[in-house]
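User: I would like to go through this model step by step, with the reasoning behind each answer spelled out. Could we take the metal site, the cysteines and a few local features in turn?

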Amino acid sequence: MTIDHHHYVLCPHCDLVVEFADITLGHKAVCPRCHTTLAKNNTNMKHKSAIYAICSLIMAVIACGFIFIDIRIVGNFNGVSVLDIPRILFFDRYSYISALFILFVLLFPIFNLLIITLLCSKLPLSKYRKRDLLIIYKQLQHWCMPEIFLTGVLVSFVKLMSYGNIGVTSTFWAFCLFVFFYIKALVIFSPEAIWNELHSNNFALEPLKVGRTGIRQNLKLCGCCEAMLPVHYVKCPRCKQKSKLRNRDKIQWTIALLVTSLIIYIPANVFGIMITVLFSSSSTSTIMDGVIYMWQSGDIPVALVIFAASVVIPILKIISLSWLCYFALAVKRKRGHDCLKMKKLYSAVEFIGKWSMIDIFVVSVVCSLVRNQQMMSVYPDIGVAFFATVVIVTMVASQKFDSRLIWDQVKIRK
Ligand SMILES: [Zn+2]
Ligand SMILES: [Zn+2]
């Protein structure tokens with residue numbers, strides 16, 4: 001084994017050239033300027049992530065096949081499997097939400113688990129095939145939400161308790177295990193390690209100066225595989241994707257998408273998200289109605305979760321991203337600790353973004369379970385489609401933002 005291997009990376013958040021030696025077990029390399037984790041120890045990475053990915057896939061098959069939650073409302077029994085939820089939404093003419101559910105909760109995570117299994121197996125995959133798989137993995141990663149769906153199911157239990165008795169089957173526990181193994185596989189799997197097997201990440205033509213920014217050394221980071229490229233390279237030699245020095249025009253995209261989401265946010269709150277039909281009378285409830293109902297019936301923690309996920313997070317996200325755009329574009333004299341705060345804000349926005357989907361999943365679960373034609377049924381309402389669009393648009397807005405613009409005008413003290 002070679003010791004004293006030196007690795008260079010360009011920090012994707014702040015554009016600093018960082019050097020580190022081989023990482024020992026339990027340690028990680030962190031950017032000294034913006035504290036982003038740059039690399040982890042990869043001992044047995046392939047072996048461990050393949051095992052977790054396979055376990056997760058097995059659990060996914062079990063979890064999709066059988067009824068996983070059921071409800072008993074005055075003697076009437078109704079149970080649904082994970083696959084019944086999108087089916088019922090589809091027949092309610094909410095094919096949009098049904099498609100989002102299938103993609104975000106099932107297809108994308110399962111696809112990514114298959115990619116992890118393939119890349120970590122000993123199959124003789126060609127260099128090109130590996131490259132394609134890594135690119136697809138990166139694209140899908142943002143849109144995998146099985147853990148958010150599971151949280152949504154738990155929240156909906158509290159909501160459903162007011163309708164009848166809920167029961168969970170062993171399939172429900174299989175779904176929990178699917179999510180657990182999925183998260184484990186994702187945390188351990190390192191796409192960088194596989195990229196580095198294809199080619200080293202360093203395409204610099206001159207010796208690198210550690211502790212200085214890439215832009216000052218005529219270097220740029222590939223947005224896809226995070227290789228270090230000379231500025232004049234149009235395409236990255238490692239992943240064959242086009243790369244730019246800075247995605248300055250994408251800030252306009254971020255702003256445009258923020259305005260769009262703000263506009264869609266109005267109908268998302270004005271229109272109802274659920275219609276409850278009790279005997280022959282029907283009533284619509286908006287997001288806020290749901291929160292107030294929960295609060296009044298004493299389920300304060302759940303009321304707070306839904307309020308935070310559906311009202312506070314989208315608004316905070318829109319405000320934070322607008323602030324970040326302002327900071328990146330308009331603030332000329334930037335100080336290091338302000339930039340660090342902004343970077344933390346951006347990481348928080350990135351992390352928390354998809355959690356707003358909780359309410360969509362809660363509505364999906366409640367609507368597919370409470371179906372009793374004679375007595376009580378719950379149907380989704382148009383607001384849910386608007387709200388899902390707000391979440392998706394704000395997620396795309398935060399992905400379009402280039403966080404290196406936060407740091408560009410900061411002087412590095414040596
Ligand atoms: Zn950094
Ligand atoms: Zn690349």
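The questions and answers below concern a predicted model.

User: Which atoms coordinate the zinc ion (ligand 1), and what is the geometry of the site?

Analyst: The zinc ion (ligand 1) is held at 2.2 to 2.3 Å by the SG atoms of C11, C14, C31 and C34. The angles among its 4 donor atoms run from 99 to 116°, and four donors count as tetrahedral if all angles lie between 85 and 135 degrees. The geometry of the site of the zinc ion (ligand 1) is therefore tetrahedral.

User: How are the donor residues of the zinc ion (ligand 1) spaced in sequence, and how many residues apart are C14 and C31?

Analyst: The spacing of the donor residues of the zinc ion (ligand 1) follows the pattern C-x2-C-x16-C-x2-C. C14 sits in the loop between strand 1 and strand 2, whereas C31 sits in the loop between strand 3 (28-30) and strand 4 (37-40), and the pair links distant parts of the chain that are 17 residues apart.

User: Is C14 buried or exposed?

Analyst: Buried means a relative accessible area under 20%. The relative accessible area of C14 is 0%, so C14 is buried.

User: Which residue of strand 2 is the bridge partner of H7, and in what sense do the two strands pair?

Analyst: Strand 1 (residues 6-10) and strand 2 (residues 17-21) are joined over 5 bridges, and they form a hairpin with 6 residues between them. Within the turn, D15 has a positive phi of about 70°. The sense of the pairing is antiparallel, and the bridge partner of H7 is F20.

User: Why does C367 form no disulfide?

Analyst: A disulfide is a covalent bond between the sulfur atoms of two cysteines. The cut-off for such a pair is 2.5 Å, and the count for this model comes to 0 disulfides. C367 is buried, with a relative accessible area of 1%. The sulfur of C367 is too far for a bond, because the closest cysteine sulfur, in C64, is at a distance of 20 Å.

User: Where does S368 lie, is S368 buried or exposed, and which residues beyond its neighbours within four places in sequence is S368 in contact with?

Analyst: S368 belongs to helix 12 (residues 358-369), and with a relative accessible area of 2% S368 is buried. A polar atom of the side chain of S368 lies 2.7 Å from the backbone oxygen of S364. Leaving aside its neighbours within four places in sequence, the residues in contact with S368 are N78, V80, I85 and I88.

Note on methods
Residues are numbered from 1 along each chain as its sequence is written. Chains are lettered from A and ligands numbered from 1 in the order in which they are written. This is a predicted model: local features need pLDDT of at least 70, side-chain atom pairs count only at pLDDT 80 or more; totals for chains, interfaces and linings use all residues. Side-chain values use heavy atoms; hydrogens and water are left out. Two strands pair if DSSP finds at least two bridges between them. Buried means under 20% relative accessible area, exposed over 50%, partly exposed in between (1.4 Å probe, protein chains only). A polar contact is a pair of N or O atoms within 3.5 Å; within protein, one must be able to donate a hydrogen and the other to accept it, and residues adjacent in sequence count only if both atoms are side-chain atoms. Contact means heavy atoms within 4.5 Å. Donors are N, O and S atoms within 2.8 Å of the metal (3.2 Å for Na, K and Ca); water is not among the atoms, so sites may look incomplete. Four donors count as tetrahedral if all angles lie between 85 and 135 degrees; four count as square planar and six as octahedral if opposite donors are over 155 degrees apart and all others between 65 and 115; anything else is irregular.
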